[in-house]
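Me: Could you take a close look at the salt bridges in this model for me? I'd like to hear which residues pair up, where they sit and how buried they are.

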Amino acid sequence: LQIADDLEIENPVLGFDNLDAETEQESLLCISHRDMNFANDIVDDKGNFWFIDWTHAGEDAIEIDFAKMENEIKFVMSKDFSEADLKNLEKFERLLLSSISLPDFEALGEEFNFLREDQRFTKIYKLVKLLRKNYVLANPEHKESIYKTALLRFSIHTLSFDKRKGRGECELPALKYALISSSIITNQLYAAE
């Protein structure tokens with residue numbers, strides 16, 4: 001799958017038919033917002049944190065709200081990225097998807113110097129790390145495959161938010177980043193089967 005002139009990723013559809021749709025995994029259920037994003041999070045003048053717009057709320061896996069917010073952090077906050085950033089975005093996404101618990105920023109190897117040198121990556125990494133830390137605290141018996149499935153749901157959903165067509169806020173580089181993420185997750189889930 002050719003994403004850019006200098007970036008090709010493994011086709012996520014190749015092993016898709018081999019995924020076992022009958023495999024069920026249980027998750028902690030809760031009242032889920034189901035549309036956790038920055039537009040629905042507000043802080044009042046006293047510092048109280050509020051979640052608004054509960055139109056789609058319902059009982060769902062705890063992973064849904066965490067994955068939706070991670071999706072928001074990665075693809076909506078990536079508005080400043082360009083096509084030239086895609087190679088680093090792929091490397092970055094592979095790091096983010098390597099484990100639910102991310103290493104401390106200072107412990108990252110030299111191959112991730114671009115994270116330290118670029119505030120766009122730094123900000124996203126630190127927010128995703130904090131979000132996942134809270135997810136693990138809320139669900140100590142978590143399963144990475146359930147979290148990744150929720151991430152896949154939202155990364156694919158992001159592909160419909162094409163600003164060029166007046167259907168959302170994502171420019172082409174953010175859409176390509178979401179496609180890269182979807183591909184990596186699909187291949188990881190397939191390899192885990």
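Reply: Happy to! This is a predicted model, and it holds 11 salt bridges. Let's walk through three of them.

A good place to begin is Arg132, whose side chain meets that of Glu70 in a salt bridge, with 2.8 Å from N to O. This pair links distant parts of the chain: Arg132 belongs to helix 4 (residues 119-138) and Glu70 to helix 1 (residues 63-76), with their positions 62 residues apart. Arg132 counts as buried because its relative accessible area is 2%, under the 20% cut-off. Glu70 is buried too, at 0% relative accessibility.

Staying with helix 1, we come to Lys74, which forms a salt bridge with Glu93 at 2.7 Å, N to O. Here again distant parts of the chain are linked, since Lys74 is in helix 1 while Glu93 is in helix 2 (residues 86-96), 19 residues apart. Lys74 is buried at 1% relative accessibility, and Glu93 is buried with a relative accessible area of 0%.

Helix 2 also has a pair of its own: Arg94 and Glu90 both lie there, 4 residues apart, or about one turn of the helix. Their closest N and O atoms are 3.0 Å apart in a salt bridge. Glu90 counts as buried at 13% relative accessibility, whereas Arg94 is partly exposed, at 39%.

Finally, back to the two pairs we began with: salt bridges that share partners join Glu70, Lys74, Glu93 and Arg132 into one network.

How values were computed: Residues are numbered from 1 along each chain as its sequence is written. This is a predicted model: local features need pLDDT of at least 70, side-chain atom pairs count only at pLDDT 80 or more; totals for chains, interfaces and linings use all residues. Side-chain values use heavy atoms; hydrogens and water are left out. A salt bridge is a side-chain nitrogen of Lys or Arg within 4 Å of a carboxyl oxygen of Asp or Glu. Helices (H or I, at least four residues) and strands (E, at least two) are DSSP runs, numbered from the N terminus. Buried means under 20% relative accessible area, exposed over 50%, partly exposed in between (1.4 Å probe, protein chains only).
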